[in-house]
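Here are a few exercises to work through with the structure in view. Try each task before you read its solution.

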Amino acid sequence: MDTQFGLVHLWNQGDIVTKGVAVMLLLMSLASWMVIIVKALDLRRHAKQSRQTESFWHSADFADGLNKLGPDDRNPFRALAIEGREATAHHHAQPQLHDSLDVSDWLTRSLRNSIDESTSRLQSGLAVLASVGSTAPFVGLFGTVWGIYHALLSISVAGQATIDKVAGPVGEALIMTALGLAVAIPAVLGYNALVRGNKSVIMKLNRFAHDLHAYFVTGARVSAAGSPANVVSMKKG
């Protein structure tokens with residue numbers, strides 16, 4: 001490629017604003033890809049953890065079930081089970097104001113708080129993708145407008161407005177718009193994919209919480225079909 005055109009020429013000839021826009025787009029791209037990769041790995045881990053909940057219900061006792069869920073403190077399913085156990089023990093052990101609630105209501109509130117905390121962790125970082133996806137095209141457009149402005153100034157100083165003098169500088173300025181779109185599109189697609197993945201994890205957390213609620217209140221897990229006659233009992237540890 002001719003050294004008078006292209007990204008290298010645009011960078012070398014650009015002023016501090018043009019270079020600042022390019023660096024900003026680069027940082028936005030790096031931030032969005034870091035969030036996408038980290039959150040995708042988290043979703044993959046949570047999907048594996050959700051499959052371990054069936055092993056939990058086939059355990060001999062609660063302690064063995066926790067072991068099968070794994071030792072990872074970031075496991076939202078393990079945190080949910082521990083929260084349910086501690087909430088039930090606390091309600092029975094210490095007479096306090098919350099004793100005006102029956103154990104079912106108290107357990108529901110505790111499990112819901114645990115799910116809300118896990119949901120907050122799942123959604124962390126998504127604001128970065130939303131911000132990048134919505135602002136990157138405009139950042140690139142600003143770089144294009146600024147580049148065209150300086151290109152036209154240079155042409156006016158040279159006193160020549162032939163197509164060969166206009167096409168190069170203007171074309172280089174338009175690259176900034178393309179870079180803005182290149183940053184925004186992966187951020188938007190990654191955001192949508194992660195939101196769908198988070199919804200799947202939250203749905204599984206709610207299902208597990210429903211089973212835990214039934215277990216701590218009645219001593220048995222209600223079956224998937226919801227029949228109270230078809231339950232899986234497990235000794236409390």
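**Exercise 1.** Work out whether Arg45 is buried, partly exposed or exposed, and then find its charged partner.

*Solution.* Keep in mind that this is a predicted model. Start with the accessibility: Arg45 has 23% relative accessibility. The partly exposed class runs from 20% to 50%, so Arg45 counts as partly exposed. Next, look for the partner. The side chain of Arg45 meets that of Asp42 in a salt bridge, with 3.0 Å from N to O. Now check Asp42: its relative accessible area is 18%, and the cut-off for buried is under 20%, so Asp42 is buried. Finally, place the pair: both residues sit in helix H2, three residues apart, or about one turn of the helix.

**Exercise 2.** The count of salt bridges comes to two. Find the one that Asp64 forms, and say how its two residues are placed.

*Solution.* From Asp64, go to Lys68: their closest N and O atoms are 3.8 Å apart. The cut-off is 4 Å, so this pair passes as a salt bridge. As for placement, the two are four residues apart in helix H4, which means about one helical turn between them. Asp64 is partly exposed at 26% relative accessible area, and Lys68 is partly exposed too, at 34%.

**Exercise 3.** Which residues of H4 are buried, and how are they arranged around the axis?

*Solution.* Phe62, Gly65, Leu66 and Leu69 are the buried ones. They span an arc of only 100° around the axis, so they lie on the same side of H4. Then inspect what flanks the helix. At the N-terminal end, Asp61 acts as a cap, with a side-chain oxygen 3.3 Å from the backbone nitrogen of Ala63. After the helix comes Gly70, with a positive phi near 100°.

**Exercise 4.** Find which residues touch the most other members of the largest nonpolar core, then trace the contacts of Phe208.

*Solution.* This core has 38 residues, and those touching the most other members are Leu25, Phe56, Leu80, Ala81, Phe208 and Leu212. Helices H2, H3, H4, H5, H6, H7 and H8 each give it two or more residues. H8 supplies the largest share, 13 residues. Now take Phe208. Leaving out residues up to four places away in sequence, Phe208 touches Thr53, Phe56, Trp57, Leu69, Phe77, Leu80 and Ala81. Leu69 should ring a bell: it was among the buried residues of H4.

Note on methods:
Residues numbered from 1 in each chain as written. Predicted model: local features only at pLDDT ≥ 70, side-chain atom pairs only at ≥ 80, totals over all residues. Heavy atoms only, no water. Core = buried A, V, L, I, M, F, W, Y, C linked by side-chain atoms within 4.5 Å. Buried < 20%, exposed > 50% of the residue type's maximum accessible area, 1.4 Å probe, protein only. Contact = heavy atoms within 4.5 Å. Arc of directions from axis to C-beta. Polar contact = N/O pair within 3.5 Å; in protein donor to acceptor, adjacent residues only side chain to side chain.
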